[in-house]
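Dear colleague,

I am passing a structure on to you, and I would be glad if you could look through it with the notes that follow. They go from one topic to the next and can be read beside the model.

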Amino acid sequence: QVQLVESGGGLVQPGGSLRLSCAASGFRFPGYDMGWYRQAPGKERELVAIITTLGSSRNYLDSVKARFAISRDNAKKTMYLQMNSLKPEDTAVYYCNAARRSDGLGFFDWGQGTQVTVSS
């Protein structure tokens with residue numbers, strides 16, 4: 001059974017930092033590109049960052065480039081998202097999933113996500 005467990009969210013002031021973690025199980029983690037997604041209230045879920053199977057390539061949503069960094073540890077079946085210089089518009093529930101190369105959509109059912117709130 002596939003499990004995706006996100007953690008590390010919280011309340012942070014603008015300009016602050018958070019590091020999200022995604023613990024994956026139930027599928028061959030090293031064999032999939034992985035992505036971080038987010039969904040703000042009233043908005044569609046969007047792909048924020050994606051990393052290829054061996055971590056050799058990373059791509060980001062334009063609005064988070066130079067502020068966010070995605071990484072993965074295949075031995076630990078874990079993915080991370082380092083978020084710096086956070087802005088109020090980064091407020092959302094963040095999710096992880098294996099990402100389809102064709103369209104960036106998630107392969108598996110979504111986990112519970114982790115709430116990130118950026119506010120003073």
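Is aspartate 62 buried or exposed? With a relative accessibility of 61%, aspartate 62 counts as exposed, because the cut-off for that class is over 50%. Please keep in mind throughout that this is a predicted model.

Salt bridges

Aspartate 62 shares a salt bridge with lysine 65, their side chains meeting at 3.1 Å from N to O, and lysine 65 counts as partly exposed at 46% relative accessibility. The structure holds 6 salt bridges, and another of them brings together the side chains of aspartate 103 and arginine 100 at 2.5 Å, N to O. Aspartate 103 is partly exposed, its relative accessible area being 41%, and arginine 100 also counts as partly exposed, at 31% relative accessibility. Salt bridges with shared partners also link Arg38, Glu46, Arg67 and Asp90 into one network.

Within that network, the side chains of arginine 67 and aspartate 90 meet in a salt bridge of 2.8 Å, N to O. Arginine 67 lies in the loop between strand 6 and strand 7, whereas aspartate 90 lies in the loop between strand 8 and strand 9, so the pair ties together parts that are 23 residues apart in sequence. Both arginine 67 and aspartate 90 are buried. As general background, side chains of opposite charge can pair when their charged atoms come close.

Strands 4, 5 and 6

Strand 4, which covers residues 34-39, pairs with strand 5, residues 46-51, in the antiparallel sense over 5 bridges. As an example of this pairing, tryptophan 36 has alanine 49 in strand 5 as its bridge partner. The hairpin formed by strand 4 and strand 5 has 6 residues between the strands, and in this hairpin glycine 42 takes a positive phi near 75°.

Strand 5 is also joined to strand 6 (residues 58-60), with which it runs antiparallel, by 3 bridges, and here isoleucine 50 stands opposite asparagine 59 of strand 6. In the hairpin of strand 5 and strand 6, which likewise has 6 residues between the strands, glycine 55 takes a positive phi near 80°.

The nonpolar core

The largest nonpolar core has 27 residues, and those with the most contacts inside it are Met34, Trp36, Met79, Leu81, Met83 and Tyr94. At least two residues of this core come from each of strand 3 (18-25), strand 4, strand 5, strand 7 (68-73), strand 8 (78-83), strand 9 (92-98) and strand 10.

The disulfide

The structure holds 1 disulfide, which joins cysteine 22 to cysteine 96 with an S to S distance of 2.0 Å. Since cysteine 22 lies in strand 3 and cysteine 96 in strand 9, the pair ties together parts that are 74 residues apart in sequence. The torsion about the S-S bond is about 70°, so this disulfide is right-handed. Cysteine 22 is buried, with a relative accessible area of 0%, and cysteine 96 is buried with a relative accessible area of 0% as well.

Two buried threonines

Threonine 78 is found in strand 8 and is buried, with a relative accessible area of 12%. Its side chain reaches the backbone oxygen of lysine 76 at 2.9 Å. If residues up to four places away in sequence are not counted, threonine 78 touches Cys22, Ala23, Phe29, Arg72 and Asp73, and the first of those names is the cysteine 22 of the disulfide described above. Between threonine 78 and aspartate 109 there are 17 Å in space, C-alpha to C-alpha, and the two are 31 residues apart in sequence.

Threonine 114 has its place in strand 10, residues 114-118, and is buried too, with a relative accessible area of 9%. A polar atom of its side chain lies 2.9 Å from the backbone nitrogen of glycine 9. Leaving aside neighbours within four places in sequence, threonine 114 is in contact with Glu6, Ser7, Gly8, Gly9, Leu20, Ala92, Val93 and Tyr94, and Tyr94 is also one of the residues with the most contacts inside the largest nonpolar core.

With kind regards

How values were computed:
Residues numbered from 1 in each chain as written. Heavy atoms only, no water. Pairing = 2+ DSSP bridges. Helix = DSSP H or I, 4+ residues; strand = E, 2+ residues; numbered from the N terminus. Buried < 20%, exposed > 50% of the residue type's maximum accessible area, 1.4 Å probe, protein only. Polar contact = N/O pair within 3.5 Å; in protein donor to acceptor, adjacent residues only side chain to side chain. Contact = heavy atoms within 4.5 Å. Core = buried A, V, L, I, M, F, W, Y, C linked by side-chain atoms within 4.5 Å. Disulfide = S-S within 2.5 Å. Salt bridge = Lys/Arg side-chain N within 4 Å of Asp/Glu carboxyl O.
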